[in-house]
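Subject: Structure for you to look at

Hello,

Here is the structure I said I would pass on. Please open it first, then read the notes below with it in view.

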Amino acid sequence: MRLFKKKGKEVAYTRYSAAAASLSVWKEIVERLMTPEGRPEVLEDVMVLDASYANFSGIIAASFLAEFGAEVIKIEPPEGDPSRKMTPFGKNVKGVGIPFMVEGRNKRYMTLDLKNSEKDRKDFAKLAQKATVVIETFPAGEMDSWGIGYRQIVEKNPGLIYIAITPYGQYTEKAREFVNLPDSDITVQAGSGLAAQIGDPITEPEPYNWPLKAGMWMGWYVTGLSAALGGTMALVYRQSTGEGQMIDVASMDAYSSMTGFPASIGYTWENARPRIGVLDFILYPYGHWKCKDGYVAIAAPRDHDFRALIKILGMWGRTGEFESDWRYTSDRIPDILDQAMILHRAIEEKTMMYTSDELVKKALNYARKAARSKWRGGGVPIIMKVMTPDKTMENKQWEIRKSFKEVEDETVGKYVITSGFVKMSESPPQVKWVSCDIGKDNEYIRTKYLQQQ
Amino acid sequence: MEGYFSYTAELFDPSKVNEKPEVLKGIRVLDFTHVIFGPTVSRIMGNYGAEVIKLELPFYGDLWRPATYWGRYWKHSNPIWHFVTQNKYFVSVDLKRPEAQDLIYRMAKTSDVVVENFAPGTAEAWGVGYSSISKVNPNIIYLSCSTYGQYGPMRYFPGWDLLAQAASGVLSLNGYPGTDKYFKLPDYLGDFVPGNMGTLVVLMALYYRNKTGKGQYLDLSQTDSMMRSLPHFAYYSVTGETLGRTGHSDPAMIAASIFKTRDKKFLALACATERQFEGLCSAMGKEDLLRDRRFTDYLEGLKEENAEALRKIAADWVKSQDSGVIIKLANSKGFAAAEVVDDKMICYDSWRRERGSVILFNDEMYGEIALAGPSARLSKTPGRTKWLARPVGYHNRLVLKKFLGMSEEEIQELEKKKIIGTYDDKPGLKPPVYYNLDEDPIYNYGREVKEKK
């Protein structure tokens, strides 16, 4: 017996020391994650020309590269990119719209009139010879017709990565036929499959049963992210081979290609999914409910999570009513919407009795106890307060992670943006400065790149 | 112009995709992920040629395997799972067992990237966290994905896409102003967007490692990722007002809304520039609006009451026209327009097939299915699909023998101890009933197989 005990202690000690060793490594890593300032930049050797025009997906793609240290030069006509004026309810600071201010991170601004000036196009061609990446959103073939498309630049700069963003892409009959159709976020949301999936079921009154849009520029964000991802993939290839390439992003692919669901469901169901309002196709409960002081999001989809939720809401075991009601004993696959809504309302009756903080605490307490109990089967009901963006900004979590940053531009003043969407121990993304004045860096760029050597 | 489109048609020819080189050939990814967020990171790497070894629990497999839309299976598998986990090697190891650690470390030694999305702390507790893996492979790139991040007071809170949407503020923004009607973003977009960002940051780390030889640790939170898409924080800090929900309309662009046409279709319209607004006015036959002081300046036209008035005019016009007519006018006059498309339209759209946005993929085990093509089309190193999802443990022998040089006896020993294993007899985990695994040379790698009849 004694031997057994001693052996047990030794094992415990070895485990403890291993844990302590990994804890010290861990502490060091977290300290590095928490102090991103002044660390090396991934793309310090990369120069990007962003010629996107009246299109935020190009601007967003350029932002991602700029955050990782690329020198991004935004090219716009002397009167400024129309994107500057796209802003909710026209709210602006000295003529600059808020989305443009948000994406003005680490960027240089140069004026070149690509549409009208032959001389400016020549300057662009010279810059493009030194560029690693060009981003543009003109109609397919327009840059080519000006003599500054991929075909022409690549002759002298074979390492060039050329990203073109348009609604229907650079090839196919459709692209040719709709070559002059402009791009916008709401048409991307509609034309790539997002809008069809948000909103109330067809049985509800108009206009709530219409397809709805996401309340942010999700179409353009997905497109811009896809472009940045494709561009970075090409940068990795260029790093080993020296070769560049052309990247064609069709914004009408944005949603359907990112999630992949529309194509595969359309094929296997031979039909389209309907809109199902606040429900989810796979998981139940998985949505938001009203409570005393606002709303909570609840996810308790696995059987033991669901039972845990029902218990913490006081619906299980007291009266026996819930267990014996056949309407609640289904498999919780919400394909019979009416039935799913009965359960939805039954849950809402209970959540209305508590504040969001009370509900969050109930769920956490249950999960903590369940993890230690051999009877509860580890049920984890997850409850989170539904935040509006202004409340998100007050959350301690993001303060500690430095997810928000107050920045200041000499023209438009101070404002808050998100920064460092990922934490990296060696080469994290950073916001070094924001700026937005038209032609602000004309001199800097001409001196750096356009003077005869 | 003609020359341009035949040039690009050749450059991006979808029939040549499989002949072209792969960017990430030779990169090995050790994939501890489950559900959608983490798996998307490695799936995209697999699309571009990385060797992705997906580790699952024996007999249970990934939680998401049986999670199908409305409980509908396709050939005993989950149709959307095929998109989410294509091109991977499916190895099934019981990570919690100390004997499994040796296997994991051997795999980690020859890997370039590790991706995990357990609840924070779990990977460390199981001895497969960064502190352990970086000991056997100091130059590893290790990405941890979670809902709120690896540090901060909320790090141990469990989460899904829904909770990230709630905590970031995204969930509160999709719906109607002045009502309590609002909706989450559909199809787990709170997983897919962060998942794509995950691939982006791993590529950045890879680029950095190619230059410096240094690996690193990456901490990606899906709430942080969703916050990156919101200009609402800056809007709040500048105006002191919350932006709230805006229904079918985009308050940042002129005449941007979803409307209903005469032929009962839903259509999105928008004008990104003053020029495009002229196009819309001319299409509507309302050139007088161009002299209307409320609309002559883009910023002025976005003011709430002006925008409302303009949307009313546009809605009346759209109601009187067929969708096809408006789309044609949009193309010729130059303003943005797109019909709301659903799953079926996306799956069967001829231009998406021609472009390769939707491909009919023929798989050896499952036969034909429609899959979404890559979000960005790379001319020299395009992404591609090689095989669909496989049953749990399908590649055990291939990976252990070919990559780790283990013998059949060693493998059988592991199988006996249940350290590795295959699938339980459940849909989503097992092969289709018509498929005989005994005849499959990959499943039986290094063993004799019966000839296929």
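**Around one core residue**

Leaving out residues up to four places away in sequence, Leu269(B) touches Ala255(B), Ala256(B), Ser257(B), Phe259(B), Ala314(B), Phe335(B), Ala336(B) and Ala337(B). Keep in mind that this is a predicted model. Leu269(B) is also one of four residues, with Val48(A), Leu65(A) and Ile163(A), that touch the most other members of the largest nonpolar core, a set of 286 residues. Helix α8 of chain B (residues 189-212) gives the largest share of this core, 13 residues.

**The three-stranded sheet in chain B**

Strands β7, β8 and β9 of chain B form an open, antiparallel sheet in that order. β7 (254-260) and β9 (336-339) of chain B are at the edges with a single partner strand each, so each has one side without a neighbour in the sheet. From one strand to the next, the twist averages 10°. Strand β8 of chain B (residues 266-271) is joined to β9(B) by four bridges, and in one of the pairs Ala270(B) has Ala336(B) as its bridge partner.

Two helices belong in this picture. Helix α11 of chain B (residues 274-284) lies across β7, β8 and β9 of chain B, at about 130° to β8(B). Helix α14 of chain B (residues 323-333) packs on the sheet and touches β8 and β9 of chain B, with a direction at about 150° to that of β9(B).

**Chain B as a whole**

Chain B contains 18 helices and 12 strands. Its C-alpha atoms fill a box of roughly 85 × 55 × 45 Å along the principal axes. Of the 453 residues in chain B, 59% are buried. If you take the contacts in chain B between residues at least 6 apart in sequence, 70% of them join residues at least 24 apart.

The domain assignment splits chain B into domain 1 (19-228 + 370-439) and domain 2 (254-260 + 266-339). The C-alpha centres of these two domains of chain B are 44 Å apart. For chain A, the assignment gives domain 1 (1-34), domain 2 (47-261 + 409-450) and domain 3 (286-387). Between domain 2 and domain 3 of chain A, the distance from one C-alpha centre to the other is 43 Å.

**A buried strand and a buried helix**

Why is strand β5 of chain B (residues 141-146) largely enclosed by the rest of the structure? Six of its six residues are buried, so the surroundings largely close it in. Ile141(B), Leu143(B) and Cys145(B) point one way from β5(B), while Tyr142(B), Ser144(B) and Ser146(B) point the other way. This fits a general pattern: in a regular strand, side chains alternate between the two faces of the sheet.

β5(B) has parallel partners. With strand β4 of chain B (residues 113-116) it pairs over four bridges, and Val115(B) stands opposite Leu143(B). With strand β6 of chain B (residues 216-221) β5(B) pairs over six bridges, and Ser144(B) stands opposite Asp219(B).

Helix α10 of chain B (residues 232-239) is also largely enclosed, because six of its eight residues are buried. These are His232(B), Phe233(B), Ala234(B), Tyr235(B), Tyr236(B) and Val238(B). They pack against parts of chain A, namely β3 (92-93), α3 (98-102), α16 (389-392), β12 (404-409) and β13 (413-418). After α10(B) comes Gly240(B), with a positive phi near 75°.

**Where the chains meet**

How many residues of chain A are in contact with chain B? The count is 143 residues of chain A against 145 residues of chain B. Helix α9 of chain A (residues 218-241) supplies the largest share of the chain A side, 16 residues. That side is made up of 81 nonpolar, 41 polar and 21 charged residues.

One sheet takes strands from both chains. Its seven strands run in the order β5(A)-β2(A)-β1(A)-β6(A)-β7(A)-β8(A)-β12(B), with mixed pairing, and the sheet is open. β5 of chain A (107-111) and β12 of chain B are the edge strands, each with a single partner, so one side of each has no neighbour in the sheet. At the chain B end, two bridges join strand β8 of chain A (residues 245-250) to strand β12 of chain B (residues 377-378), and the two run antiparallel. Ile247(A) stands opposite Leu378(B) there. At the other edge, strand β2 of chain A (residues 71-76) pairs with β5(A) in the parallel sense over five bridges, and Ile73(A) stands opposite Arg108(A).

Regards

Methods: Residues are numbered from 1 along each chain as its sequence is written. Chains are lettered from A and ligands numbered from 1 in the order in which they are written. This is a predicted model: local features need pLDDT of at least 70, side-chain atom pairs count only at pLDDT 80 or more; totals for chains, interfaces and linings use all residues. Two residues are in contact if their C-beta atoms, placed from the backbone, lie within 7 Å. Ala, Val, Leu, Ile, Met, Phe, Trp, Tyr, Cys and Pro count as nonpolar, Asp, Glu, Lys and Arg as charged, and the others, Gly among them, as polar. Two strands pair if DSSP finds at least two bridges between them. A residue is buried if 20 or more other C-beta atoms lie within 10 Å of its own, exposed if 12 or fewer, and partly exposed in between; C-beta atoms are placed from the backbone. A nonpolar core is a set of buried Ala, Val, Leu, Ile, Met, Phe, Trp, Tyr and Cys residues joined through C-beta atoms within 7 Å. Domain bounds come from an automatic or database domain assignment. Axes are lines fitted to C-alpha atoms, for helices over the stretch in contact, and angles run from 0 to 180 degrees between N-to-C directions.
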